[in-house]
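Open the model in your viewer with a cartoon display and keep the selection panel at hand. The stops below go from one element to the next, each with something to select.

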Amino acid sequence: MRILVFGGGRMGLARASHLANCLECAITLIEPQDQTAKTFLEQVPGAIRAENIQEAIECGADGAFICTPPRSHYYFARACLEARIPTLIEKPSTLTLSEAQGLVSLRHGLGVPAFVGYHNRASTSVSFLKH
């Protein structure tokens with residue numbers, strides 16, 4: 001299984017580390033910052049870094065995690081969906097309602113699974129604070 005991880009920061013690293021520990025998969029990182037990429041690759045054994053989104057998508061993928069700053073979510077999610085790659089987008093999915101509606105329409109039109117990750121809903125710290 002080949003998984004694309006867009007963004008090597010905290011959430012990208014968490015998603016990739018979990019995958020690397022649970023599944024046998026090849027992880028490809030898309031991260032423009034060299035130091036962030038270096039740290040990610042040191043902590044996720046076997047992961048490789050793609051130079052750009054086109055290179056990553058051309059390698060083929062079974063899934064993608066969009067863990068970048070929100071301003072880039074729409075661009076990366078659209079590219080993944082157009083390539084028919086099932087995609088999880090960290091919240092917020094987009095910065096505008098029209099972008100979100102565009103992704104929903106694209107997802108339905110192509111029949112590609114897409115999800116938004118609300119990681120704090122499962123956080124024990126958040127649950128504790130709510131009660």
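**Stop 1: helix α1 and its cover**

The model is predicted. Select helix α1, then add what covers its buried residues: the covering elements include β1 (2–6), β2 (26–30), α2 (34–43), β4 (63–66) and β5 (87–90). The buried residues to show as sticks in α1 are M11, G12, L13, A16 and L19.

A distance check fits here. Helix α1 covers residues 10–22, and at 1.5 Å a residue its 13 residues should span 18 Å. Put a distance label between the C-alpha atoms at its two ends: they are 18 Å apart, which agrees with the expected span.

**Stop 2: the sheet**

In which order do the six strands of the open sheet lie? Across the sheet, the order is β3-β2-β1-β4-β5-β6, and the pairing is parallel. β3 and β6 (114–117) are the edge strands, each pairing on one side only. On average, neighbouring strands of this sheet are turned by 25° against each other, with direction ignored.

Now isolate β1 and β4. These two strands run parallel and are joined by four bridges. Select L4 and look across to β4, where A64 stands opposite.

Next, bring back α2. Helix α2 lies across β1, β2 and β3. Relative to β3, α2 runs at about 150°.

**Stop 3: the nonpolar cores**

Nonpolar side chains in soluble globular proteins tend to be buried together. Which members of the largest nonpolar core touch the most other members? Select L4, F6, I30, A64, I66 and C80: these are the ones, in a core of 18 residues. The elements giving two or more residues to this core are β1, α3 (53–58), β4, α4 and α5 (97–110). Of these, α4 supplies the largest share, five residues.

Centre the view on I66. Leaving aside neighbours within four places in sequence, I66 is in contact with F6, H73, F76, A77, C80, T87, L88, I89 and E90. Another core lies apart from the largest one; it has 15 residues, among them I27, V44, C67 and L88.

**Stop 4: helix α4 and the loop before it**

Select α4 and colour its buried residues, which are H73, F76, A77, A79, C80 and L81. Their cover includes β1, α3, β4, β5, α5 and β6.

Step back to T68, in the loop between β4 and α4. Is T68 buried or exposed? With a relative accessible area of 13%, T68 is buried, since the cut-off for buried is under 20%. Not counting residues up to four places away in sequence, T68 touches F6, G7, H73 and F76.

Beyond the other end of the helix, select R84. This residue follows α4 and has a positive phi, near 60°.

**Stop 5: the salt bridges**

How many salt bridges does a search of the whole structure find? The search finds four, and three are visited here, including the pair R49 and D34. Side chains of opposite charge can pair when their charged atoms come close.

Select R49 and D34. The closest N and O atoms of this salt bridge are 3.0 Å apart. R49 lies in strand β3 (residues 48–50) and D34 in helix α2, so the pair ties together parts that are 15 residues apart in sequence. R49 is partly exposed, with a relative accessible area of 25%, whereas D34 is exposed at 55%.

Stay on α2 and select K38 and E42. Their side chains meet in a salt bridge, 2.8 Å from N to O. Both residues lie in helix α2, four residues apart, about one turn of the helix. In an α-helix there are 3.6 residues a turn, so residues three or four places apart point the same way. K38 counts as partly exposed at 44% relative accessibility, and E42 is exposed, with a relative accessible area of 56%.

Finish at R78 and E82, whose side chains meet in a salt bridge of 3.0 Å, N to O. About one helical turn separates R78 and E82, because they are four residues apart in helix α4 (residues 73–82). R78 is partly exposed, at 31% relative accessibility. E82 is partly exposed, with a relative accessible area of 42%.

Key:
Residues are numbered from 1 along each chain as its sequence is written. This is a predicted model: local features need pLDDT of at least 70, side-chain atom pairs count only at pLDDT 80 or more; totals for chains, interfaces and linings use all residues. Side-chain values use heavy atoms; hydrogens and water are left out. The expected span of a helix is 1.5 Å times one less than its number of residues. Buried means under 20% relative accessible area, exposed over 50%, partly exposed in between (1.4 Å probe, protein chains only). Contact means heavy atoms within 4.5 Å. A nonpolar core is a set of buried Ala, Val, Leu, Ile, Met, Phe, Trp, Tyr and Cys residues joined through side-chain atoms within 4.5 Å. Two strands pair if DSSP finds at least two bridges between them. Axes are lines fitted to C-alpha atoms, for helices over the stretch in contact, and angles run from 0 to 180 degrees between N-to-C directions.
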